[in-house]
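Q: I should like to learn how to read a protein model one feature at a time. May we begin with a single residue and then move outward?

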Amino acid sequence: MIYRKTLLLAVAFVLVLGSLPLAAQDDQINMTMWVRSIPFQTQAMVDEWNANNDSQIELTIIPSAEFVTKMGAAIAAGEPPDIASIDLIYTPAFAAAGQLVDITDFVKELPYADTLTPAHMELGRYEGRNYAVPTGVDGSFIVYNIDLFEQAGLDPDNPPSTWGEMLDAMRAIDALGDDIYGYWFSMNCAGCNAFTFLPFIWASGGDVLSDDYSEATITSDPIVRDALAFYNTIWEEGLVPEGASIDNGSNFVSAFTGGNIGMAGMGNFAIPLFTNDHPDLNFDVFHIPGKEGGAASFGGGDVIAIASGSEHVEEAWRFIEWTMSDEAQIEIYAANGQIPVRLELVNNPYFEGDERQLTAASALAVGFTPYTTVYNDLFNDPNGPWLEMLQIAILDGDIDGALELGQERFTQIMEG
Amino acid sequence: MQLTLLNLSWEQRRKLTGLLFVMPTVAFVTVFFIIPLLMTIFMSFHDWPLFGERAYTGLENYQDLSKDRQYLKSLDFTFRYTALVTPPIFILGFILASLVRHNIRYIGIFRTIFFLPVVIGLGVSSLLWTWMLDDRIGVFNKILLDLNLVPKAQLFLGRPSTAMNVIILSVVWKTVGFTMILLLAGLQAIPDELYESAEVDGAGYFRKLIYITLPLMRRFIALALILSVIGSVLSFDQFYIMTRGGPRNSTISIVFWIFNNSFTYFKMGYGAAMSIVLLGILVALTGLQLYVLREKE
């Protein structure tokens, strides 16, 4: 009898205990957030937020190449995340399909709205309304290994400023040894090469799309052919490791950290990795040059948006607004080497005296971002025409065939 | 309930019982095949984005198919792949089945070993092979390099010339056990007396094979062939995981292209139209196989 009473008490006790956290959870706002696998300081942001707020965010990292597919499937299934950190390039497509919350009224209230990076704000706009704000700024440029430059008798203070000078530098570095290479590209990664190869074309005054994005100019613009021939020479002469031809982007950043690569296309996001994890790596950066000079950069990175259907729009915006605050931008972003999304904060105590950060940040001034709703189908899709064209031209050497194929498939996609 | 059943005639009860027995299957097929099939047909006549507005477009999706260079390339690739992967699976499957046919001691161990790859998922096996074929840490390159058979590590999955072959190798390893089991059942169904009397008549191995084994296994071969061909035509995982359709988009199977259009380019209607055409092709192909391998009266 006594046993039974004890047992009942114990059961009641467990039930009461068990229901306590449940009751507490009911009041708490739990939000989900997705980010592609790019090493911005998103995790640090979310951790800091979760530590200091009642509302909690669960961050999921999605492989970059699958982000659009997964996001599309989640939206179609009616279960998108509340907050999404999206490659800025995709925002027009998602906004056009009505899948993002109109945040124009929120953005108007921001005192610093005018200093947010213009490329990101532009891509986050659709038909005059704001759907996203910048959260990760990432221009492309070339990193180079100062030690290898010096060993090869090159002047590290005067990095190459034309394609010809780049080739000469690669050949000099490549000659240093069997395991030393002049350059690195990830030739099985579509997005990597939109980011680091397109600017070679832009800096020379060319483009693969017409100014109004209505047609492809792959066969009509001679610069495209020249740029493909430039990369083809790099491959033919063995100035990149053979493995570069099949790298799907997993070595896009890490290849350069081995210390045996002279130069590589890179973005701001990689600088904190280099400085924090590879303090011995002696590197500097220069702008992606055109054929005979000039400079260009791909204005890349992420914007942050609220997905349609989120039940926590107000709270999600509170988080987004906080990510752009001085506190978050300087103490989390700049302190970790990441460029702030508000241009006036580039001059901060953490960047002072670091020429590399300032040069990298200035790449954004020559940064350009295509605005098209079919960007993924054209450029980033691993089976899209961009990568196929590059591989056929650069690795197989069939430049004419590649140009024709690229023009045809680009046109087909752009015509819908 | 019991009363009403009792009032039924024997014949009526028999029919009712039969109906009740097939009901679960009918329900299952309706929910998981008939309804999705009808929906797919319906979708194929629409411009049906994954999200957003949809619109009726009639036969436009089907007309676009003929202009889709990659669709034709994928069809060509898929059937080339099927033609290349089927013979090794059958020949090897038959050899393995012959080896483990007789019930001798410990034969179960070998049957299990040969069948084991079948029970792991195709996705897992594809990842396994991707790493085994890797140029830096893969075991194949290690062996080839140590034996001095190749001058440097080979990028098996990176070359159009080798990518298809190594994928076929991995798929044969993965699926041959299943074909072996089907053929084994066929082999064991043949009475030993037939072989004994053939031997008395002086028939050698190949005569027995051609006049006894193969004809009597016709049904089992037909079943294994149809399952194998359907599996190959619908293949997706190995290409998605091992090559992502590369190099130079040379390994995009037809289902891969349907997946891409539906979920990456968000063109569900177009994907549906491709699926319907593929269904038609498969029905025709299976019909042809059944006709060729039919039991002659």
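**Reading one residue, then the chain**

A: Let us begin with contacts. Apart from neighbours within four places in sequence, B:Thr78 is in contact with B:Ser232, B:Val233, B:Ser253 and B:Ile254. Please keep in mind that this is a predicted model.

Q: Where in chain B is the place of B:Thr78?

A: B:Thr78 belongs to helix α4, which covers residues 69-99 of chain B.

Q: Is B:Thr78 buried or exposed?

A: One compares the relative accessible area with a cut-off: a residue is called buried when the value is under 20%. B:Thr78 has a relative accessible area of 1%, and therefore it counts as buried.

Q: Which backbone atom lies 3.0 Å from a polar atom of the B:Thr78 side chain?

A: That atom is the backbone nitrogen of B:Ile254. B:Ile254 is also among the residues in contact with B:Thr78.

Q: How should I read distance in sequence beside distance in space?

A: The two are read as a pair of values. B:Thr78 and B:Val166 are 88 residues apart in sequence, and their C-alpha atoms are 15 Å apart in space. For B:Leu293 and B:Leu225, the separation is 68 residues in sequence and 9.8 Å from C-alpha to C-alpha.

Q: Where is B:Leu293 placed, and which residues does it touch?

A: B:Leu293 is in the segment after α14, a helix that spans 268-292. Not counting residues up to four places away in sequence, B:Leu293 touches B:Arg218, B:Ala222 and B:Leu225.

Q: What can be said in the same manner of B:Asn261?

A: B:Asn261 is in helix α13, residues 254-264 of chain B. Its relative accessible area is 2%, so B:Asn261 is buried. Once neighbours within four places are left aside, its contacts are B:Phe266, B:Lys267, B:Met268, B:Tyr270 and B:Met274.

Q: How do I read the backbone angles?

A: It helps to know the usual case. Most residues other than glycine have a negative phi, and most peptide bonds are trans.

Q: Which peptide bond is cis?

A: The bond from B:Gly246 to B:Pro247 is cis, with omega near -15°. B:Pro247 is in the loop between α12 (237-242) and α13.

Q: What is the phi of B:Arg248, and what is that of B:Asn249?

A: The phi of B:Arg248 is near 55°, a positive value in a residue other than glycine. B:Asn249 likewise is not a glycine, and its phi is positive at about 55°. B:Arg248 is found in the loop between α12 and α13, and B:Asn249 is also placed in the loop between α12 and α13.

Q: Are B:Arg248 and B:Asn249 buried or exposed?

A: B:Arg248 is buried, since its relative accessible area is 12%. B:Asn249 has a value of 3% and is therefore buried as well.

Q: How may I describe chain B as a whole?

A: One begins with its elements: chain B has 14 helices and two strands. One then considers its extent. The radius of gyration is 25 Å, whereas a compact globule of 297 residues would have one near 19 Å. Along the principal axes, the C-alpha atoms fill a box of roughly 85 × 75 × 35 Å.

Q: What share of the residues is buried, and what supplies the exposed surface?

A: Buried residues make up 39% of the 297 residues. Chain B exposes about 17200 Å², of which carbon and sulfur atoms supply 70%.

Conventions
Residues are numbered from 1 along each chain as its sequence is written. Chains are lettered from A and ligands numbered from 1 in the order in which they are written. This is a predicted model: local features need pLDDT of at least 70, side-chain atom pairs count only at pLDDT 80 or more; totals for chains, interfaces and linings use all residues. Side-chain values use heavy atoms; hydrogens and water are left out. Helices (H or I, at least four residues) and strands (E, at least two) are DSSP runs, numbered from the N terminus. The radius of gyration is taken over C-alpha atoms; the globule rule is 2.2 Å times the number of residues to the power 0.38. Buried means under 20% relative accessible area, exposed over 50%, partly exposed in between (1.4 Å probe, protein chains only). Accessible areas come from the Shrake-Rupley method with a 1.4 Å probe; for residues, only the protein chains shown count as cover. Contact means heavy atoms within 4.5 Å. A polar contact is a pair of N or O atoms within 3.5 Å; within protein, one must be able to donate a hydrogen and the other to accept it, and residues adjacent in sequence count only if both atoms are side-chain atoms.
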